[in-house]
Amino acid sequence: MNCSAQQITLRRLDKAFSAFFRRVRAGQTPGFPRFKSLTRMPGFGYKKHGDGWRFTPGANWRHGTLRLQGVGLIKARGEARQGGTIKSCELQHSHGDWRLSLTIECAPVRVGGPAAVAADWGTEHLLTIVDGHCGTETVVNPRWWQQRKATEVALAQAVAAKRRGSRRWRKAAARLAAHRGQSGRKRLDHHHQLAARIASEVAVFATEALDIKTLTASAAGTMEAPGVDVRRQRNLNREMLDTAPALLMQLITYKVQETGGWFLTAPTKRLKPSQTCPACGAQRKKQLSERTHTCPCGCVLPRDVASAQVVLDWALREIAGKSHAQNFGREPTAAASPLRNRLQA
Ligand SMILES: [Zn+2]
């Protein structure tokens, strides 16, 4: 590897230690940066195109070849949604595979739709989306873990049964890693496609702020005060984390913003979407097991739909407030005007 590629590795090391010391100063309990042995090596990167590496894309940015200094020509498989100027690259090593991650400078083109929607995230349904015109869409939770846990457990047990470091152990570990890698790629692909479809249909996407840490906090407790129903909570946490909600929200955020649309995050604590009636605004605390919203005012809706409706009403008020401000001579934001045209259309 050349000097600038090694600088990238050094920079990563520096980043790991600064993050560690930042957490120490903040009074948190960080883990000490781990030495990455050959089996844990996450890969390496290059700075400038042409400096130790050169990528030649195929026709329409489909596939291509990578030339690495000291290695030679390597065929690459994959497709870029959009071409541009190649800037930098990283060779990532994970789950026994090598992947090339190219950074391309381009102006992303993505076309959005006219709808204003709000979504509620859950484990029963992955997303419940309401559009304010009595249209509701529920996205099925694919339950990857349920599907793949039998195989994963068997593969993990096979690894545990072998002598660490032996040839058979290495083979079993590679099989387990390949299975885990596939699980991760399935999830990523699903979320990319779902987010792309949502972004192509909406101009406004609102959801409540996710607090994954609190939602999936360990219920184990301490030796002196052990938690109750630990196993049930652990399974619930696993199921929540299996849907990778933070990843999904991240993908939807940037894809909606690429279309010039708005991604709004509702303040959960102030709004209390799951406890508020979308019809009359009355608030009542619900148990997690209560799946239907029933209000004395006569409003009966599925829990997730009611909650999403509250978020949507909030989002529309927010936007109305912003357009109102524009009418009083304030600078319209770049995204706001085409958005309003799209909404009116
Ligand atoms: Zn009500």
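Two strands are taken as paired if DSSP finds at least two bridges between them. In this predicted model, five bridges join β2 to β3, and the two strands run antiparallel. A good place to see this pairing is Phe55, whose bridge partner in β3 is Leu66. The connection between β2 and β3 is a hairpin with four residues between the strands, and Asn60 in the turn has a positive phi of about 55°.

The next pairing continues from β3, which spans residues 62-68 and is joined to β4 by six bridges, again in an antiparallel arrangement. Here Thr65 has Lys75 of β4 as its bridge partner, while Arg62 stands opposite Glu79 in β4. These two strands also form a hairpin, with three residues between them, and Gly70 adopts a positive phi near 85°.

Taken together, the three strands make an open sheet with antiparallel pairing, in the order β2-β3-β4. Its edges are β2, covering residues 53-57, and β4, covering residues 72-79, each of which pairs on one side only. On average, neighbouring strands of the sheet are turned by 25° against each other, with direction ignored. As a reminder of the underlying chemistry, strands of a sheet pair through backbone hydrogen bonds, either parallel or antiparallel.

Attention now turns to the aromatic side chains. The count of aromatic pairs comes to eight. One of these is formed by Phe20 and Phe21, whose ring centres lie 5.1 Å apart with the planes at 65°, so the pair is edge-to-face; the angle required for that label is over 60 degrees. The two partners can also be described by their accessibility: Phe20 is buried, at a relative accessible area of 12%, whereas Phe21 is partly exposed, at 43%. Both residues belong to a cluster in which ring pairs link Phe17, Phe20, Phe21 and Phe32.

A ring also takes part in a contact with a charged side chain. Arg238 lies over the face of Trp145, at 3.9 Å from the ring centre.

Finally, what is the count of disulfides? It comes to zero, where a disulfide would call for a pair of cysteine sulfur atoms within 2.5 Å. Among the cysteines, Cys277 is buried, with a relative accessible area of 2%, and Cys295 likewise counts as buried, at 11% relative accessibility. Both values fall in the buried class because that class means under 20% relative accessible area.

Conventions. Residues are numbered from 1 along each chain as its sequence is written. This is a predicted model: local features need pLDDT of at least 70, side-chain atom pairs count only at pLDDT 80 or more; totals for chains, interfaces and linings use all residues. Side-chain values use heavy atoms; hydrogens and water are left out. Buried means under 20% relative accessible area, exposed over 50%, partly exposed in between (1.4 Å probe, protein chains only). Rings of Phe, Tyr and Trp (its six-membered ring) pair if their centres lie within 6.5 Å; planes under 30 degrees apart count as stacked, over 60 as edge-to-face and the rest as tilted. A charge sits over a ring if NZ of Lys or CZ of Arg is within 6 Å of the ring centre and within 35 degrees of the ring normal. Axes are lines fitted to C-alpha atoms, for helices over the stretch in contact, and angles run from 0 to 180 degrees between N-to-C directions.
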